[in-house]
Amino acid sequence: MIEQTYRPQEVEAKWQKYWEEHKLFQSQMDQHKKKFYILEMFPYPSGRLHMGHVRNYTLGDLINRYRKMRGYNVLHPIGWDAFGLPAENAAIKNKIQPEQWTQDNIKHMTVQLKKMGIGYDWSREFATCDPEYYKLNQWFFIKLLEKGLVYRKKSLVNFCPSCETVLANEQVEQGLCWRCEAQVLQKELEQWYFKITAYTEELLSGHQLIKGGWAPKVLAMQENWIGKSYGTEIDFKLVGSDKVIKVFTTRPDTLCGVTYMVLAPEHPFVEKLAAGTKLAQEVREFVNKVKKQNKILRTSEEVKKEGLFIGAYCQNPVTGDKIPVWIANYVLFEYGTGAVMAVPAHDTRDFAFAGEYKLPVKEVINKDGKSTAGDLKEAYVEEGLMINSGQFNGLPSKEGVDKVTAFLRQENKGKKAVNYRFRDWLISRQRLWGTPIPVIYCATCGLVPVPQQDLPIVLPNNVAFTGQGESPLSHVAEFVNTTCPTCKGPARRETDTMDTFVDSSWYYARYCDAHNEQLPFSQEQADYWLPVDQYIGGAEHACLHLIYARFFHKVMRDLGLLKGDEPFMNLLNQGMVTLGGSAMSKSKGNIVDPDQIIEKYGADTMRLFILFASPPEKDLEYSGTGVEGAWRFLTRVWRLVDQEMDASVGHTDHNEQATRDLNRKVHATIKKITNDLEKEFGFNTAIAALMELVNAIYDAKSQVAIADFRKAVETVVILISPFTPHIAEEMWHRLGYRESLLSLSWPTYDDSAMVEEVIEIVVQVNGKVRSHLAVRPDVAAEEAQRLAAADEKVKARISGKKIVKVVYVPNKLVNFVVA
């Protein structure tokens, strides 16, 4: 029985040892070879691999092995995104230090990855919790500080009470923490920021360089997050003051319809305008109430819009109308100018707010340019003709945008402007398990960066966790208390650590020169290996990791560390692995342990199932039946080598047509699989083509010569090797070869060998199909007509009739036109 012959555990252990001992995946710079850098997104050492990991790493390893056989110098490194909150939570729960938990997980996951047969260059392995790595995070922080790309300010920030730390805007999803889904609160803290907005335009224009290699939806997600919009900045003068409220709008054509002004409660004007008025206390209470609300939810459709008149007025710059100034929870100070000119007749949100608070509605645009009688039932948000707008009456609203802006500019009351939703990257975290921020506070010298020669600032051991929403480092006196490097007086260290997305924003570049002790990497190594040719990971990282990494790449370029503008030229977004229609998760109890599959069927079976069950960009539904099917196919291939080769020995007679057919199938399969791997990531269709070839070999085995049979079997073994490398290596060995398949060149195909020996042409009589003919592709017109006329079905239709003409389309049809 085949189950007794093919023992995947023995085979896989054997070849994993062979690859490691022969260092087949270690990469060295070689200027004489074309490089290919393949990388999966940075794995977090959570403890155990799940099927999502398996899919991601299997996809990468397939491309790795294929590119090696195509003659590329391939870099396929591995490391660990080791800092992060789960380690702290585990430390609290299990009463161990985060480092111990992390290192234990790394060891376990390393074993799992190697059992999967993933061909990594383990010589480049590192973890971001290694002081050698986070020393360089600190080095980058100081370099960015020197370039004016780091600053510190006090502001309201997103705070997760469950994770007890600050979150960047990108880490808040529908008002919830991206990690634990707790309700996010607002808290005022002094925080550190990276000035990512200095690269806003380049982050947008850089899409032109990568748009052919990235999914359009990912680029669209980034564009929407950056939120670039063209419009007009308008000055509304405050009544009784020389100050103005600046407003950004994309609809200056509606300016004459403004009936109230809305400021964000955090706007600095609010407290000053309300001071000394009878509304001051009420305004203060409203502001404090709104500050506790989540910013993302404040702007959502689901949350009730609340507002308050603050007793101040401003002036419309076109009409001169006196406009009341309100504050409302739906306006955020961080977006635009923190002020909104409210035009309820032409904005749905303003219309609802005006209705709630009985504010006036003034129509200034409609379809026909005539004022409507009676109240508006809803906001009119389409284009139209301007009305109730003085000198602009009758203008198409689209034209009015430019005309009103030109008027404002002439009157020094406004100008064209560009606005962005994008905000700077908040990197402060109140955690232990992250990179310490390399800054010292001195009473005499102020804020002092840690000198480069004093890096790294190393995390202390055996730190207690307070659970009080502040960094545990603040309670470690020997860490906090230090000496000022400038004046040598007493000083204290910064106790916040960096957002762990900093770690993963440049790790791909560190792999180029992973153990450089002086710099993040040498420029020579970076210029050879970068950019990453193929990156693999989830689309959910579009507005987090992928934007941050693109920003960091441009910063490293401007620091003179590397060339090139983009880190990842091609991005494959793999789908999720589901069970019962839902993404696998411990909470749902629908987890499948990869180790159990490997133990029963072997890693190759698991790899084949993962690659065959679905196109890589689509979700994959786990199926035990599918795993069984993958196992059966591999045992069938095994039989070709282990049994059927012996059964063919001594067979000398052969059918020439069967031999040509098999040879044609072999070349067609090579072409199909090559195109699938090279262009479209059609891994599942490539496997389907392999299955068809295996069927064809079984069908032809008794009709073809030994040499042709063996050549076909060897081709299957070579073609299947990137998909299921262990069994392929073992079969190659059993065929009598001693070298690894990785040392072979990928097979080539011959288009001429794929030409069909016989083609089918249609025979018509007066345009109606009457028969089909099997002929040679090079058949002459006269011969095709003779054969067609001799066909019994056609002969019955044309016999005794006058043939007016014969139409012949080479290799397609013969049509007899008869009277």
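Here are a few exercises on the structure above, each with a worked solution.

The model is predicted, so local features need pLDDT of at least 70, side-chain atom pairs count only at pLDDT 80 or more, and totals for chains, interfaces and linings use all residues. Residues are numbered from 1 along each chain as its sequence is written, and side-chain values use heavy atoms, with hydrogens and water left out.

**Exercise 1. Work out the strand order of the parallel four-stranded sheet, and say which strands stand at its edges.**

Step 1: get the labels straight. Strands (E, at least two residues) and helices (H or I, at least four) are DSSP runs, numbered from the N terminus. Two strands pair if DSSP finds at least two bridges between them.

Step 2: read off the order. This open sheet runs E2-E1-E24-E25, with parallel pairing.

Step 3: look at the ends. Strand E2 (73-75) and strand E25 (571-572) each have a single partner strand, so one side of each is left without a neighbour in the sheet.

Step 4: see what packs on the sheet. Helix H3 (residues 51-69) touches E1, E2, E24 and E25, where contact means heavy atoms within 4.5 Å. The direction of H3 makes about 170 degrees with that of E1; axes are lines fitted to C-alpha atoms, for helices over the stretch in contact, and angles run from 0 to 180 degrees between N-to-C directions.

Step 5: zoom in on one pair. E1 (residues 35-40) and E24 (residues 534-536) share three bridges in the parallel sense, and Glu-40 sits opposite Ile-536 in E24.

**Exercise 2. Do the same for the antiparallel four-stranded sheet.**

Step 1: the order here is E20-E19-E22-E21, again an open sheet.

Step 2: strand E20 (446-449) and strand E21 (481-483) are the edge strands, each pairing on one side only.

Step 3: ignoring direction, neighbouring strands are turned by 40 degrees against each other on average.

Step 4: strand E19 (residues 439-442) is joined to E20 by four bridges, and Tyr-441 has Leu-447 in E20 as its bridge partner.

**Exercise 3. Classify the ring pair Phe-42 and Phe-126.**

Step 1: rings of Phe, Tyr and Trp (its six-membered ring) pair if their centres lie within 6.5 Å; planes under 30 degrees apart count as stacked, over 60 as edge-to-face and the rest as tilted. The whole structure holds 45 aromatic pairs.

Step 2: for Phe-42 and Phe-126 the centres are 6.2 Å apart and the planes stand at 70 degrees, so the pair is edge-to-face.

Step 3: Phe-42 lies in the loop between E1 and H3, and Phe-126 in the loop between helix H5 (98-115) and helix H6 (131-146), so the pair ties together parts that are 84 residues apart in sequence.

**Exercise 4. Check the backbone: which peptide bonds before Pro-456 and Pro-531 are cis or trans, and what is phi at Asn-388?**

Step 1: the bond from Leu-455 to Pro-456 is cis, with omega near 5 degrees. Pro-456 is in the loop between E20 and helix H15 (477-480).

Step 2: the bond from Leu-530 to Pro-531 is also cis, with omega near 0 degrees. Pro-531 is in the loop between helix H17 (523-529) and E24.

Step 3: phi of Asn-388 is near 50 degrees, a positive value in a residue other than glycine. Asn-388 is in the loop between strand E15 (385-386) and helix H14 (397-410).
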